[in-house]
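Here's a quick look at a protein model, going from its cysteines to its cores and then to one end of the chain. Have the structure open as you read.

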Amino acid sequence: MTSAVDIRGLDIRFSGAARGFHAVRDVSLEVRQGESFGLIGPSGCGKTTVLRALAGLNTDWTGEISLLGERLVPGRRIAGELRRRVQMVFQDPYSSLHPKHRIGRSLGEPLALHGSKQVERDIGEALRQVGLLPALADRYPHQLSGGQRQRVAIARALTARPDLLLLDEPTSALDVLVQAGILNLLNDLKRARGMTFVLVSHDPGVIAHMCDRAAVMSAGQVVERLDREGLINRTNALAL
């Protein structure tokens with residue numbers, strides 16, 4: 001099966017006081033097209049740093065990264081058609097939406113950028129696809145609940161019709177019932193659109209619910225790899 005993500009020997013260092021910080025150390029991963037793949041570990045283990053490199057938000061790395069068959073170049077942002085095909089949903093839905101822009105504008109701008117000829121109609125359709133009423137387009141982010149804001153953030157990422165969706169702790173700021181709804185929504189959208197997911201979480205239950213395989217990270221390194229059975233066993237053991 002073709003790889004959607006291929007990482008070889010990824011290293012990321014952050015400069016600072018003294019000798020800096022070695023955040024990611026020699027990470028190698030492969031994610032197959034159509035797969036849901038998890039990165040799991042405690043805060044500060046490097047999992048979000050890997051995701052930001054895949055998204056092109058951090059270009060200061062060494063090693064090799066290929067996304068959807070296209071090789072990334074260190075120091076360069078993702079551009080062109082690959083930029084459309086790779087999208088990211090962030091942990092905090094409130095900070096990822098402009099507080100002074102109505103929801104319709106937040107969705108309409110990327111729709112227009114990606115060539116929509118009927119932006120108003122497509123805004124309504126984007127909201128309906130994530131289980132929201134089109135009337136919410138007239139509201140501001142602060143007028144929505146946390147779950148509604150995260151659904152809007154997902155809708156905005158999907159306006160580009162991506163092939164690869166990067167998810168950084170997409171439900172960690174939500175209560176348990178809302179979290180379940182968002183995870184089920186993501187699974188439904190993945191099946192409908194045939195996307196590939198890379199999901200970062202500190203919660204083994206979330207990874208087991210969403211993912212086919214996962215890598216466990218600690219201190220910037222991959223320390224364990226889990227298949228579907230391993231994910232289920234890990235979650236069951238923690239529940240005892």
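## The cysteines

Cys-211 is tucked away: its relative accessible area is 2%, so it counts as buried. Bear in mind that this is a predicted model. Cys-45 is buried too, with 2% relative accessibility.

So do the two pair up? The sulfur of Cys-211 has its closest cysteine sulfur in Cys-45, but that is 14 Å away, too far for a bond. A disulfide would need the sulfur atoms within 2.5 Å. The count of disulfides comes to 0, and Cys-45 is in none.

## The cores

The largest nonpolar core has 39 residues, and the ones touching the most other members are Leu-127, Val-152, Ile-154, Leu-165 and Leu-186. Quite a few elements chip in with two or more residues, among them helix 4 (119-129), helix 5 (146-158), helix 6 (176-193) and strand 7 (164-168). Strand 8 (196-201) and strand 9 (213-218) are also on that list.

Take Ile-154 as an example. Beyond its neighbours within four places in sequence, Ile-154 is in contact with Val-89, Val-130, Ile-182, Leu-185, Leu-186 and Leu-189. There's also a second, separate core of 33 residues, including Val-31, Val-50, Trp-61 and Ile-78.

## Over at Ser-3

Ser-3 sits in strand 1, which covers residues 3-14. Is it buried or exposed, at 17% relative accessibility? Ser-3 counts as buried, because the cut-off is under 20%.

Leaving out residues up to four places away in sequence, Ser-3 touches Glu-30, Val-31, Arg-32, Gln-33, Leu-68 and Gly-69. One of these, Val-31, belongs to the second core.

Note on methods:
Residues numbered from 1 in each chain as written. Predicted model: local features only at pLDDT ≥ 70, side-chain atom pairs only at ≥ 80, totals over all residues. Heavy atoms only, no water. Helix = DSSP H or I, 4+ residues; strand = E, 2+ residues; numbered from the N terminus. Buried < 20%, exposed > 50% of the residue type's maximum accessible area, 1.4 Å probe, protein only. Contact = heavy atoms within 4.5 Å. Core = buried A, V, L, I, M, F, W, Y, C linked by side-chain atoms within 4.5 Å.
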